[in-house]
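Look at the fold below and follow the text through it one part at a time.

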Amino acid sequence: QKNDLVYELGCGNGRVAAYLAKHSPAKVIGLELAWPFYLLSKLRQLMAGQKNLSIRCRNLFTTDLSEASVIYVFGIPDKLTDKLKPKLERELAPGAKVISYSFAIAGWQPLVIDQPTPSSAQIFIYQR
């Protein structure tokens, strides 16, 4: 939606963040800490020319996510459970969505589990 603020946590080369910005009116922010990936994603942002896309060199664990209405993450299962899950529980407002590509978040009940094709990874959608 136009009023949504979407964060991609650990955006890597920025491909997903750029896709989301191109195909939705939402403001999209990609967070990446590793300099090589940050520079690639920043270049992708500049080439895409999407006004609703921002790439930031930030640590996702020290960035305030309280304004986010949607979080997208492709993470490692133990990191999701041990570090990110408590942060999201503290900071996200009720109704915010968390989309986890490939890994379920232990202890949370997904609204939807999607698997576009039998050979693709599952996508878990949660609502706080």
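**Helices and sheet**

Helix α1 (residues 15-23) lies across four strands, β1 (5-9), β2 (27-32), β3 and β4 (70-73), and runs at about 155 degrees to β3. Helix α2 (residues 35-48) also packs on the sheet. Helix α2 touches β2 and β3, and its direction makes about 160 degrees with that of β3. The model described here is a predicted one.

The sheet itself is open and has 7 strands, in the order β3-β2-β1-β4-β5-β7-β6. The pairing in the sheet is mixed. At the edges are β3 (53-57) and β6 (112-114), each of which pairs on one side only. On average, and with direction ignored, neighbouring strands of the sheet are turned by 15 degrees against each other.

One pair of strands can be followed in detail. Strand β5 (residues 97-101) and strand β7 (residues 123-127) pair in the antiparallel sense, over 5 bridges. Within this pairing, Y101 has I123 in β7 as its bridge partner.

Next comes helix α3 (residues 77-91). How far apart are the end C-alpha atoms of helix α3? They are 20 Å apart, and this agrees with the expected span, because the 15 residues of the helix, at 1.5 Å a residue, should span 21 Å. Helix α3 has a kink of about 50 degrees at L84, shortly before the proline P86.

Which residues of α3 are buried? They are L80, L84, K85, K87 and L88, so L84 is both a buried residue and the site of the kink. The buried residues of α3 pack against β1, β4 and β5.

Technical notes
Residues are numbered from 1 along each chain as its sequence is written. This is a predicted model: local features need pLDDT of at least 70, side-chain atom pairs count only at pLDDT 80 or more; totals for chains, interfaces and linings use all residues. Side-chain values use heavy atoms; hydrogens and water are left out. Two strands pair if DSSP finds at least two bridges between them. Helices (H or I, at least four residues) and strands (E, at least two) are DSSP runs, numbered from the N terminus. Axes are lines fitted to C-alpha atoms, for helices over the stretch in contact, and angles run from 0 to 180 degrees between N-to-C directions. Contact means heavy atoms within 4.5 Å. The expected span of a helix is 1.5 Å times one less than its number of residues. The bend at a residue is the angle between axes fitted to the seven residues ending there and the seven starting there. Buried means under 20% relative accessible area, exposed over 50%, partly exposed in between (1.4 Å probe, protein chains only).
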